[in-house]
Amino acid sequence: MVRLDDVALRYGQGPEVLSGVTSHLEPGSFHFLVGQSGAGKSSFLRLLNLGQRPTRGRLMLFGRDVARLGREDRALMRRRMGVVFQDFRLIGHLTAFENVALPLHLVGERPGAIDSKVSELLSWVGLADCLDALPATLSGGQQQRVAIARAVVGRPSLLLADEPTGNVDDRIAMRLMFLFEEMHRNGTTVVVATHNETLVGRFQHPRLRLEGGTLRLVPAEAAADGTA
Ligand SMILES: Nc1ncnc2c1ncn2[C@@H]1O[C@H](COP(=O)(O)OP(=O)(O)OP(=O)(O)O)[C@@H](O)[C@H]1O
């Protein structure tokens with residue numbers, strides 16, 4: 001699903017933010033992406049969501065070398081992903097409902113199915129009363145939940161979430177985690193970047209730990225016994 005072979009990333013002429021990253025994420029796997037602030041978590045996710053190109057090495061997604069993809073192939077590949085950006089990136093002139101419905105419109109889903117799926121999902125994340133609200137009228141935590149609903153509604157093959165519980169309380173964070181767990185159970189490959197070690201500790205998933213620009217895999221067992 002995701003394979004990185006000696007991948008590096010730098011911005012402009014700056015230092016390498018990621019260097020020599022080699023990793024393989026199996027289809028249907030769930031990984032937490034951890035590391036201190038500035039360690040490169042968002043940058044790593046940007047490589048995977050095709051927001052940045054590696055400056056060195058090879059990145060394979062869905063069995064394809066991303067360096068060889070044309071514009072159209074990149075767009076098609078993006079449609080197979082659900083992405084929760086740290087800054088949400090909701091469309092300002094669309095309501096919460098319309099933002100979440102967008103991926104379903106893009107794949108030609110029936111209007112009736114769109115209505116039920118979007119309403120159900122927004123209720124699950126606690127936003128049943130906000131369907132018609134514009135993003136600017138919502139709190140940060142509410143916007144984050146709309147962004148998560150938008151990322152998962154189309155049941156993507158790959159779900160990439162950058163600090164998806166950063167703006168919500170513990171109860172909502174657990175609810176959102178259950179949503180990611182459900183996606184995972186249904187075969188989605190999930191990567192969740194987070195600072196929230198308490199949350200990470202509650203789930204038996206391996207961690208990808210970024211440190212000094214390199215990535216280390218900490219298996220679930222080691223993560224659980226505190227040796228990570
Ligand atoms: N667009 C950019 N241009 C230049 N440098 C950048 C850019 N984005 C990130 N960086 C640098 O890359 C490094 C890693 O940043 P990144 O945002 O990936 O870390 P992070 O682990 O996600 O941090 P946080 O947990 O605080 O969100 C930092 O030194 C940052 O300054």
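**Notebook: sheet, core, ligand shell and two backbone outliers**

I began with the sheet and found six strands in an open arrangement, ordered β6-β7-β8-β3-β9-β10, with mixed pairing; strands here are DSSP runs (E, at least two residues), as helices are (H or I, at least four), numbered from the N terminus, and two strands pair if DSSP finds at least two bridges between them. The edges are β6 (81-84) and β10 (214-218), each of which pairs on one side only. On average, neighbouring strands of this sheet are turned by 15 degrees against each other, direction ignored.

I noted that this is a predicted model, in which local features need pLDDT of at least 70 and side-chain atom pairs count only at pLDDT 80 or more, while totals for chains, interfaces and linings use all residues. Residues are numbered from 1 along each chain as its sequence is written.

Next I looked at one pair of strands: β3 (residues 30-34) and β8 (residues 189-193) run parallel over four bridges, and F32 stands opposite V192 in β8. I then saw that α6 lies across β3, β7 and β8, running at about 155 degrees to β8 (axes are lines fitted to C-alpha atoms, for helices over the stretch in contact, and angles run from 0 to 180 degrees between N-to-C directions).

I turned to the largest nonpolar core, which has 56 residues, and of these V100 and L160 touch the most other members. Such a core is a set of buried Ala, Val, Leu, Ile, Met, Phe, Trp, Tyr and Cys residues joined through C-beta atoms within 7 Å. Helix α5 (residues 140-152) gives the most to this core, with six residues. Leaving aside neighbours within four places in sequence, I listed the contacts of V100 (C-beta atoms, placed from the backbone, within 7 Å) as V118, L121, L122, V146, A149, R150 and V153.

I also checked two residues that are not glycines but have a positive phi: L50 at about 65 degrees and E163 at about 45 degrees. L50 is in the loop between α1 (41-48) and β4 (56-61), and E163 is in the loop between β7 (158-162) and α6 (170-185). Buried means 20 or more other C-beta atoms, placed from the backbone, within 10 Å of a residue's own, exposed means 12 or fewer, and partly exposed lies in between. E163 is buried because 20 other C-beta atoms lie within 10 Å, whereas L50, with 18 C-beta neighbours inside 10 Å, counts as partly exposed.

Last, I looked up the residues around the ligand (C-beta atom, placed from the backbone, within 6 Å), among them Y11, G14, V17 and K41. The largest share of this shell, three residues, comes from α1.

Key
Contact = placed C-beta atoms within 7 Å.
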